[in-house]
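Work through the following exercises with the coordinates open. Each task is followed by a solution in steps.

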There are 2 protein chains.
Amino acid sequence: MTEKLADIGEFGLIHRIDVLLKQEGFQAEGVTLRIGDDTAAIQPREGFELLITCDCLVAGRHFLPGLIKPRDLGRRAMTVNISDIGAMGGIPRYALVSLGLKSDMPVAEIEDIYRGFVFELNPFGAEVIGGNITKVEQDIFIDITVIGEVENGKTVRRSGARPGDMILVTGYPGQAAAGLDMLRKTTSDESLYSHPLVQAYVSPPHRAWEGQKIASSGLATAMIDISDGLLADLAHICSESGVGADLETNKIPVSKPLKKISEQENIQPHLLCSKESDDYELILTCPPHEVERIKEAVGQVSDVKVSDIGIITPERGRMRWIFFDGLRQDITPKGWDHFSKRGENK
Amino acid sequence: MTEKLADIGEFGLIHRIDVLLKQEGFQAEGVTLRIGDDTAAIQPREGFELLITCDCLVAGRHFLPGLIKPRDLGRRAMTVNISDIGAMGGIPRYALVSLGLKSDMPVAEIEDIYRGFVFELNPFGAEVIGGNITKVEQDIFIDITVIGEVENGKTVRRSGARPGDMILVTGYPGQAAAGLDMLRKTTSDESLYSHPLVQAYVSPPHRAWEGQKIASSGLATAMIDISDGLLADLAHICSESGVGADLETNKIPVSKPLKKISEQENIQPHLLCSKESDDYELILTCPPHEVERIKEAVGQVSDVKVSDIGIITPERGRMRWIFFDGLRQDITPKGWDHFSKRGENK
């Protein structure tokens, strides 16, 4: 018989998680108190700022429980937070995990979710140092707070983009959205799980190593991760920096599987790549003469492609597509809004 | 027409919260980046450890939506976290708030929840520096991470109690449970809301100022806050310290309203005071000759009563009631377990 959460109870689960973390997790430097007291405690390092972020995945909204393996769910929930730390130029160090669970969940599934957390944290020497477990009737959630470190003065914000700066993006945005579409259309096909676009959705990479390298180079003027979509997140940079952006349609990086979809469905590739999508790639800006040095810096830690896709313009909030023939078209960016009608399906 | 969350959307709500926090909240020292970027950022102070805790309230489980005013709900959600920081001897400095909300919630109610947060944080010069908002279908939740500060070496853990130490408790434990019982029995009576026992449940005090004073005195050997009940939380100290406890029934502090209930329902007062209850009072231990100095230390910041209720014993995990006639009775402590059958009603 499958062991359920109700069989071992809250304290039984906490014990099991504690054992799992000790066996499979990393013990991070600077932790002075772990799970088992009223709070965790850390000793901050001199010369570093701490970055703090929290992001929550809710079943049916941010993930489809039957369509993602528990370990991948854990990886994804941790990745979305690690990505935020990376987009500031930091490295994740500590995580707190708050779970809303149903009593009939198999304990092995919950342990696998934690294996996903540990898988993402271990490369950074980062650790789950605390958390909370509570019971829900319907909406299972995974709410994670990650604390990262960045050298004093090295954070890269959304607000530093200047007219004339180049706009760069890592990897191939838009893939997660295409993967989600595929899952929605054919939910029963198990083999679909290994499709690269579906993988881009269920188990997206983060670019924290790249972000940290970019930040420590001191060359980027603004940076953000793509959690809403290429256009929506670039719009955040424009808004916070008080600038606009011209994007060249033929410079937007298109992955092979996305190109195929664009041909099959007769959609222009730059539209597929830039729509609402949570890819956790980075968008950054820098002066034109620093583009190569940034690409080199990223190349030291990663094989990920870095593409320059456009230029920052002076007109606040105005974003445009520039076509290969010079035609210009205004863009009205749309990202996810969880409470608007458009956000209903996320 | 009442303005609903669906009317203004996620980004509309974030803007409103940002404005509210700027107008009514405190801007904490050491915050280098607030709401509006990928993460918040802080510059830790030299000579201090950081304490980090997260605690989540779920509707129907930790609060009864129709029976608690939104501002009180916000106060309570923040208090349970502040209490954890206080139980380690720290002072809260920064909070991140992750909310799971339904689209049909009135915006004014959500703002009132934030007013509750701010009400609890402002006295500490503490600030909401970040968070997350997501949509749920059924289980509204408030998940808060609080980061506090404590001078290096001054944390008080659960694990330091030694045989012969006195056991002290602040305030009057058990009141929150009695208040919850009253709410459950007569849910429609609005006047019930101001009853002191109901208030102890919906809007419990925290003892962070007292905890900080106790910790900085260096006199306490162990400390914990009562989130499960006097016995259940004392059992955590016993377990972590590898000791036992003898409690004197006639030394357990009984508030007037609890005394009345004990008479009406013919229950021994020490049982009413020690059962499952989330009172957010402190339990602490110290050598017998330090009891008065600890009471004096607390007296410098608070009028709260501090009672010595028993003594730490060598036998690991054995807890006993000592009656006035010397009779001894073994205790099997029971606290909340969210996934056990007993926890179903919490």
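## Exercise 1: Extent of the interface

Task: State how much area chain A and chain B bury between them, and how many residues of each are in contact.

Solution. Chain A and chain B of this predicted model bury about 5500 Å² between them, and 53% of that area is on carbon and sulfur atoms. Next, take the contacts: 66 residues of chain A touch 66 residues of chain B.

## Exercise 2: Polar terms across the interface

Task: Count the salt bridges and polar contacts between chain A and chain B, then examine the pair A:Arg61 and B:Glu137.

Solution. Step one is the salt bridges, of which there are 6 between chain A and chain B. For comparison, a search of the whole structure gives 49 over all chains.

Step two is the named pair. The side chains of B:Glu137 and A:Arg61 form a salt bridge with an N to O distance of 3.6 Å. This lies within the 4 Å cut-off for a salt bridge. B:Glu137 sits in the loop between β5 (127-135) and β6 (141-151) of chain B, and A:Arg61 in the loop between β3 and α2 (70-87) of chain A, so the pair joins two chains.

Step three is the polar contacts: 32 residue pairs across the interface satisfy the rule, with both residues at pLDDT 80 or more.

## Exercise 3: Composition and strand pairing

Task: Identify the element of chain A that gives the most residues to the side touching chain B, classify that side, and find a strand pairing between the chains.

Solution. The element is strand β3 (residues 48-58) of chain A, with 10 residues. By class, the side of chain A that touches chain B holds 29 nonpolar, 17 polar and 20 charged residues.

For the pairing, β3(A) runs antiparallel to strand β2 (residues 40-42) of chain B, over 3 bridges. A:Leu51 stands opposite B:Ala41 in β2(B).

## Exercise 4: Symmetry

Task: Determine which rotation superposes chain A on chain B, and which residue of chain A comes closest to the rotation axis.

Solution. A rotation of 180° with 0.0 Å of shift along its axis places chain A on chain B, with an RMSD of 0.0 Å. The two copies are therefore related as by a two-fold rotation axis. Among the residues of chain A, A:Asp139 comes closest to the rotation axis, its C-alpha being at 3.0 Å.

Finally, compare the two sides of the interface. Of the interface residues of chain A, 100% are also interface residues in chain B, so the copies meet through the same surface.

Note on methods:
Residues numbered from 1 in each chain as written. Chains lettered and ligands numbered in written order. Predicted model: local features only at pLDDT ≥ 70, side-chain atom pairs only at ≥ 80, totals over all residues. Heavy atoms only, no water. Contact = heavy atoms within 4.5 Å. Buried area = accessible area lost by both parts, 1.4 Å probe. Polar contact = N/O pair within 3.5 Å; in protein donor to acceptor, adjacent residues only side chain to side chain. Helix = DSSP H or I, 4+ residues; strand = E, 2+ residues; numbered from the N terminus. Nonpolar A, V, L, I, M, F, W, Y, C, P; charged D, E, K, R; others polar. Pairing = 2+ DSSP bridges. Least-squares fit on C-alpha atoms with pLDDT ≥ 70 in both.
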